[in-house]
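Hi,

Here's the structure I promised to pass on. Have a look at it first, then read my notes below.

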Amino acid sequence: MILLVNGPNLNLLGEREPDVYGRTTLPEVEKLVREACAAWNVEVKAFQSNHEGALVDFIHEHRKAAQGILLNPGALTHTSYVLHDCLKAIPHVPVIEVHLSNIHAREAFRRTSVVAPACRGQITGLGMRGYLLAAEWLCAEVGAVPVERGGAPRL
Ligand code: DQA
């Protein structure tokens, strides 16, 4: 099972600064990630919160069942040592950080991710498709087998 975790303000996807974040809503993102993972027979548990502690509680609660985490921490990316330490506490769970926008090509404060050192990788600036690429990477990483291909390419 993979956790899809979205942080503050991502509940407003679709209506929030669509020129930056696109028009896809969070329920649509969650559906597309679920479908992408279903093609690998991998279940997704999705969660969004505007509260740092709630995100930590969710990750703690599912830390044993989770095989991997797809995380868009929103603005907590740039500030949250709390999330950084939470991910460091579960080193057996691969985490991939995803951003819709290219955080390196925007305001200076967005160029630093304090959670990145606790993640296996980062996908930034590829819009909604970044979530799908991350989902595919995680499925392969946890050793899942793509349903239609019947064989697992180790990427
Ligand atoms: C974001 C980038 C962050 O800087 C911003 O605070 C967000 C969204 C992204 O997906 O591009 O809330 O994580």
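Let's begin with a serine: the side chain of Ser49 reaches over to the backbone nitrogen of His51, at 2.9 Å. You'll find Ser49 in the loop that links β2 (44–48) to α3 (52–61). Is Ser49 buried or exposed? Its relative accessible area is 6%, and anything under 20% counts as buried, so Ser49 is buried. Before you go further, keep in mind that this is a predicted model.

Now for the ligand. Which residues sit around it? Going along the chain, they are Arg16, Tyr21, Asn72, Gly74, Ala75, His78, His99, Leu100, Ser101, Ile103 and Arg110. Sorted by type, that shell has four nonpolar, five polar and two charged residues.

Three of the side chains are worth zooming in on, each with an N or O atom facing a ligand oxygen:

- Ser101, at 2.6 Å
- His78, at 2.7 Å
- Arg110, at 2.8 Å

How much of the ligand does the protein bury? On its own the ligand would expose 320 Å², and 99% of that is buried by the protein. The space the ligand takes up is also the largest cavity.

Next, two residues with backbone angles you may want to check. As background, most residues other than glycine have a negative phi. Glu17 isn't a glycine, yet its phi is positive, near 35°. Glu17 belongs to the loop between β1 (2–6) and α1 (18–21), and it is partly exposed, with a relative accessible area of 42%. Asn41 also has a positive phi without being a glycine, in this case about 65°. Look for Asn41 in the loop between α2 (26–38) and β2. Is Asn41 buried or exposed? Its relative accessible area is 66%, and the cut-off for exposed is over 50%, so Asn41 is exposed.

One last stop is Ala116, in the loop that runs from β4 (95–99) to β5 (121–124). Which residue should you compare it with? Try Thr77: Ala116 and Thr77 are 39 residues apart along the chain, and their C-alpha atoms are separated by 8.0 Å. As for its surface, Ala116 is partly exposed, with a relative accessible area of 28%.

If you'd like a place to start, pull up the ligand and find the side chains of Ser101, His78 and Arg110 around it.

Cheers

Key:
Residues are numbered from 1 along each chain as its sequence is written. This is a predicted model: local features need pLDDT of at least 70, side-chain atom pairs count only at pLDDT 80 or more; totals for chains, interfaces and linings use all residues. Side-chain values use heavy atoms; hydrogens and water are left out. A residue is near a molecule or strand if one of its heavy atoms lies within 4 Å of it. A polar contact is a pair of N or O atoms within 3.5 Å; within protein, one must be able to donate a hydrogen and the other to accept it, and residues adjacent in sequence count only if both atoms are side-chain atoms. Accessible areas come from the Shrake-Rupley method with a 1.4 Å probe; for residues, only the protein chains shown count as cover. On a 1 Å grid over the protein atoms alone, a cavity is a set of points where a 1.4 Å probe fits but cannot get out, and a pocket is an open set with protein on both sides within 12 Å along at least five of seven lines; lining residues have an atom within 4 Å of a point. A molecule sits in a cavity or pocket if more than half of its atoms lie within 2 Å of its grid points. Ala, Val, Leu, Ile, Met, Phe, Trp, Tyr, Cys and Pro count as nonpolar, Asp, Glu, Lys and Arg as charged, and the others, Gly among them, as polar. Helices (H or I, at least four residues) and strands (E, at least two) are DSSP runs, numbered from the N terminus. Buried means under 20% relative accessible area, exposed over 50%, partly exposed in between (1.4 Å probe, protein chains only).
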